[in-house]
Amino acid sequence: MSKGLLHHIELYVSDLKKSTDFWGWFLEDLGYHSFQKWENGQSWKLEETYIVFVQVKEPFSDNSYHRKNVGLNHLAFYASSRQHVDDMTQKLTNKGIPILYTKQHPFSGGGNHYAVYFEDPDRIKVELVAPELSK
């Protein structure tokens with residue numbers, strides 16, 4: 001393994017079924033495959049990196065997530081191309097998942113940053129960004 005590569009991300013979620021329904025199709029579209037599944041969690045893996053979703057335990061379920069608090073702001077994934085971003089935008093729209101920053105889309109990140117932004121069921125912001133064009 002290459003030093004510094006991300007090994008895994010583990011996210012506690014308010015409703016495991018909603019989260020795995022939401023994330024499953026998206027991650028599989030990016031090339032991830034189902035990796036582990038147990039009563040209170042599920043993960044998807046791409047090469048050596050995996051993402052885990054775990055049902056939050058009852059004593060902690062009252063603490064809702066907000067990306068503007070201290071902690072994680074968003075997760076960003078590479079798309080294969082600008083067309084992939086466009087295709088994903090259409091898939092999200094077809095699924096009734098609101099696109100964030102629609103007035104600036106797909107350049108919400110500015111300049112040559114071609115991306116789509118949306119939120120998961122717990123309002124964790126997700127970004128799918130196209131590789132930069134040659135300079």
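Let me start at S81, which caps the N-terminal end of helix α2, with a side-chain oxygen lying 3.3 Å from the backbone nitrogen of Q83; please keep in mind throughout that this is a predicted model.

The helix that follows, α2, runs over residues 82-94, and its 13 residues reach 18 Å from the first C-alpha to the last, which is close to the 18 Å expected at 1.5 Å a residue. Which residues of α2 are buried? They are H84, V85, M88, T89 and L92, and if you look down the axis of α2, these buried residues fall within an arc of 140°, so they line one face of the helix. It may help to recall that an α-helix has 3.6 residues a turn, so residues three or four places apart point the same way. As for what covers the buried residues of α2, the cover includes α1, which spans 16-29, together with β6 and β7. Just after α2, G96 takes a positive phi of about 80°.

Those two strands bring me to D122, which sits in the loop between β6, residues 115-119, and β7, residues 125-129. D122 is buried, and yet it has no salt bridge. Where, then, is the nearest side chain of opposite charge? That side chain belongs to K18, and it is 8.1 Å away from D122, whereas a salt bridge would need a side-chain nitrogen of Lys or Arg within 4 Å of a carboxyl oxygen. What D122 does have is a polar contact of 2.4 Å, joining its side chain to that of S14. Leaving aside neighbours within four places in sequence, D122 is in contact with V13, S14, S19 and Y65.

Terms used:
Residues are numbered from 1 along each chain as its sequence is written. This is a predicted model: local features need pLDDT of at least 70, side-chain atom pairs count only at pLDDT 80 or more; totals for chains, interfaces and linings use all residues. Side-chain values use heavy atoms; hydrogens and water are left out. Helices (H or I, at least four residues) and strands (E, at least two) are DSSP runs, numbered from the N terminus. Buried means under 20% relative accessible area, exposed over 50%, partly exposed in between (1.4 Å probe, protein chains only). Lys and Arg count as positive and Asp and Glu as negative; His and the chain ends are not counted. A polar contact is a pair of N or O atoms within 3.5 Å; within protein, one must be able to donate a hydrogen and the other to accept it, and residues adjacent in sequence count only if both atoms are side-chain atoms. Contact means heavy atoms within 4.5 Å. The expected span of a helix is 1.5 Å times one less than its number of residues. The arc is that of the directions from the helix axis to the C-beta atoms.
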